[in-house]
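Notebook open, coffee at hand. Here is what I looked up in this structure, entry by entry.

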Amino acid sequence: METQENKRLFPFVVATLTALLISFRSLAEDGAGHMTDHGITFYYAIIPAATIRGHEKQHPEATMHGGPPRSQNAYHLTVALFDAATSSRITDADVTAKVAEVGLAAEQKKLEPFTVAGALTYGNYFTIAPRTNYLIDVNVDMPSSSEPAHIRLSFKRQ
């Protein structure tokens, strides 16, 4: 059930995510956007780990998922989830992602929950080589649903 607090916070959350997606868009080489499946809206961004390595040590993102890998090919996949009908943030999902160079085996990881700007989001680091086409599959299992939600993204790092 949607609370008054959720109704008040929703415009702020959407504005914050939009600002983050727009600011990350140039960094993510157009690896940001949103899609909806099975009543879940996915807001996603793919950003270089180097961006996160630039945070001060005490910044919460500097240590998420064990800290950013040192590789120049390390990227962070971030996914924020919302109920499409109520606009409520989803905080109890089991989220996984597979990142695969087209035609090759996928790297699969759990997207771990973490907090950005006071809001729960999911993410993890993946290896993404330059000038390579990737397919990214994100799956969401919800305790309240028998069928998972799924999106597929195409991404090419320049």
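**Entry 1: the chain as a whole**
I started with contacts: among those in the chain with a separation of 6 or more, 61% are between residues 24 or more positions apart. Note to self: this is a predicted model. I then looked up the secondary structure and found two helices and nine strands. Read along the sequence, they come in the order α-β-β-α-β-β-β-β-β-β-β. The chain has 158 residues, and 41% of them are buried.

**Entry 2: empty space inside**
Next I went looking for holes. Rolling a probe the size of a water molecule over the atoms shows where empty space is left. I kept cavities of 30 Å³ or more, and the count came to one. Its volume is about 40 Å³. Which residues line the largest cavity? I wrote down Ile46, Tyr75, His76, Leu77, Val99, Phe126, Ile128 and Ile136. By class, seven of the lining residues are nonpolar, one is polar and none is charged. Strand β3, residues 74-83, gives the most to this lining, with three residues.

**Entry 3: a pocket**
I also checked the second largest pocket, which holds about 160 Å³ of space. It is lined by 15 residues, and the closest to its centre are Ile40, Asp83, Ile90, Met142 and Ser144. Sorting the lining of this pocket by class, I got six nonpolar, five polar and four charged residues.

**Entry 4: rings**
How many aromatic pairs does a search of the whole structure find? I noted two aromatic pairs. In one of them, the ring centres of tyrosine 43 and phenylalanine 82 are 5.7 Å apart and the planes stand at 90°, so I logged this pair as edge-to-face. The two partners come from distant parts of the chain, 39 residues apart: tyrosine 43 is in strand β2 (residues 40-48) and phenylalanine 82 in strand β3. Are they buried or exposed? Both tyrosine 43 and phenylalanine 82 are buried.

Phenylalanine 126, which I had already listed in the cavity lining, came up again here. The charged end of lysine 109 sits over the ring of phenylalanine 126, at 5.3 Å from the ring centre.

**Entry 5: backbone angles**
Then I turned to phi. Most residues other than glycine have a negative phi. Histidine 38 is not a glycine, yet I read a positive phi of about 50° for it. Histidine 38 is in the loop between β1 (32-37) and β2. With a relative accessible area of 46%, histidine 38 is partly exposed.

Arginine 131 is another non-glycine with a positive phi, about 55°. I found arginine 131 in the loop between β7 (119-127) and β8 (132-141). Is arginine 131 buried or exposed? Arginine 131 has a relative accessible area of 63%, which means it is exposed.

**Entry 6: threonine 127**
Last stop of the day was threonine 127, in strand β7. Threonine 127 is partly exposed, with a relative accessible area of 47%. What does threonine 127 contact, leaving aside its neighbours within four places in sequence? I listed Asn73, Glu107 and Tyr134. I also looked up the spacing to histidine 76, 51 residues away along the chain: the C-alpha atoms of threonine 127 and histidine 76 are separated by 8.8 Å. Histidine 76 was on my earlier list too, as one of the residues that line the largest cavity.

Conventions:
Residues are numbered from 1 along each chain as its sequence is written. This is a predicted model: local features need pLDDT of at least 70, side-chain atom pairs count only at pLDDT 80 or more; totals for chains, interfaces and linings use all residues. Side-chain values use heavy atoms; hydrogens and water are left out. On a 1 Å grid over the protein atoms alone, a cavity is a set of points where a 1.4 Å probe fits but cannot get out, and a pocket is an open set with protein on both sides within 12 Å along at least five of seven lines; lining residues have an atom within 4 Å of a point. Grid points are joined across faces, edges and corners, and a volume is the space filled by probe spheres set on the points. Helices (H or I, at least four residues) and strands (E, at least two) are DSSP runs, numbered from the N terminus. Ala, Val, Leu, Ile, Met, Phe, Trp, Tyr, Cys and Pro count as nonpolar, Asp, Glu, Lys and Arg as charged, and the others, Gly among them, as polar. Rings of Phe, Tyr and Trp (its six-membered ring) pair if their centres lie within 6.5 Å; planes under 30 degrees apart count as stacked, over 60 as edge-to-face and the rest as tilted. Buried means under 20% relative accessible area, exposed over 50%, partly exposed in between (1.4 Å probe, protein chains only). A charge sits over a ring if NZ of Lys or CZ of Arg is within 6 Å of the ring centre and within 35 degrees of the ring normal. Contact means heavy atoms within 4.5 Å.
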